[in-house]
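Biologist: I am new to this structure and would like a close look at a single part of it. Could you take me through one pair of packed helices, slowly and with the residues named?

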Amino acid sequence: MTSIGKLWTVSYQPTGRRIRAIVAFADLSVEIPDNFKFPGDNRSPEFTAKFLSGKIPAFEDNDGFCLFETTAIAEYVASLAPKSGLIGTSPKELAVIHQWVSFADAEIARFTGLIAQMLNGIVPYHKDIHAKLTENQIRSFDTLEKHLSNRTFLVSDKITLADITMVSVLSSALYFTLDATLRKKYPSIVQFYERVIDHPKIKDLNWTREYVEKAKEYVPKE
Ligand SMILES: N[C@@H](CCC(=O)N[C@@H](CS)C(=O)NCC(=O)O)C(=O)O
């Protein structure tokens, strides 16, 4: 397997898992530096000289080409293996892949992320905002369920970057928000998630496999 460079991430980072899944699906490999302390080293001058945002995931190839931002890294890695089918086979297919990548990030992951930040006390908790974010996310689940009700994968009959992106986002939702009641409403989403994460090339990537029973709620600190 060809090593394409280094990926700075941590084992529990969902966006890092997304990139690692793309690397694995494309039959490539990437080195994960193990002497990297996070949080901490991401703010060091050495790190920010390469990656201006000071955030992970961050990628450097074997020639010193550096990238930050998950979607940019994911698509670049997918483009290194065009035969994998990850970036489709035509400009139209790539546009539809972008549509679902954007939908996954902006219309599902954004809400899970904000809800998780409120529940974890990173941003102040507000009940009405929590309810509104939940409502917005449910609208997105409705759209996704409708689309998947008669399809195996999001874009074509093969796994693409869109599918791997979507399961990386659903993995967090299944941990925080997509609870047993919602899962009954969205059988196609759950079947799709399990179909993609069980692909032999990516099944060992520590996806969420035990789903939340009741959407996580705010517990005020004493
Ligand atoms: N938009 C970025 C977000 C990256 C991001 O927020 N990473 C967090 C960890 S999940 C980080 O590195 N935080 C460190 C910091 O803010 O200093 C992406 O999609 O890659």
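Modeller: Please keep in mind that this is a predicted model. A search of the whole structure finds twelve aromatic pairs, and one of these, formed by Trp 100 and Phe 103, is edge-to-face, with 5.3 Å from centre to centre and 75 degrees between the planes. Because Trp 100 and Phe 103 are three residues apart in helix α4, about one helical turn separates them.

Both residues also belong to the contact that α4 makes with α5, where the α4 side includes Trp 100, Phe 103, Ile 108, Phe 111 and Leu 119, and the α5 side includes Ile 129, Leu 133, Phe 141, Leu 144 and His 147. Sorted by class, the residues of this contact are twelve nonpolar, eight polar and one charged.

As for the geometry, helix α4 covers residues 91-119 and helix α5 covers residues 127-148, and the two pack at an angle of about 150 degrees with their axes 10 Å apart. An angle over 145 degrees counts as roughly antiparallel, so α4 is roughly antiparallel to α5, and the crossing of these helices is left-handed.

For the wider setting, an unreviewed UniProt entry places the feature "domain: GST C-terminal" at residues 90-218, a span that is 65% helix and 0% strand, with its end C-alpha atoms 45 Å apart. The feature "domain: GST N-terminal", also from an unreviewed UniProt entry, is placed at residues 3-85, and that span is 34% helix and 20% strand, with 19 Å between its end C-alpha atoms.

Conventions: Residues are numbered from 1 along each chain as its sequence is written. This is a predicted model: local features need pLDDT of at least 70, side-chain atom pairs count only at pLDDT 80 or more; totals for chains, interfaces and linings use all residues. Side-chain values use heavy atoms; hydrogens and water are left out. UniProt positions are given in the numbering used here, feature names are shortened, and annotations may be inferred rather than shown by experiment. Helices (H or I, at least four residues) and strands (E, at least two) are DSSP runs, numbered from the N terminus. Axes are lines fitted to C-alpha atoms, for helices over the stretch in contact, and angles run from 0 to 180 degrees between N-to-C directions. Angles under 35 degrees count as roughly parallel, over 145 as roughly antiparallel, 65 to 115 as roughly perpendicular and the rest as oblique. A crossing is left-handed if the near helix is turned anticlockwise from the far one by less than a right angle, and right-handed if clockwise. Contact means heavy atoms within 4.5 Å. Ala, Val, Leu, Ile, Met, Phe, Trp, Tyr, Cys and Pro count as nonpolar, Asp, Glu, Lys and Arg as charged, and the others, Gly among them, as polar. Rings of Phe, Tyr and Trp (its six-membered ring) pair if their centres lie within 6.5 Å; planes under 30 degrees apart count as stacked, over 60 as edge-to-face and the rest as tilted.
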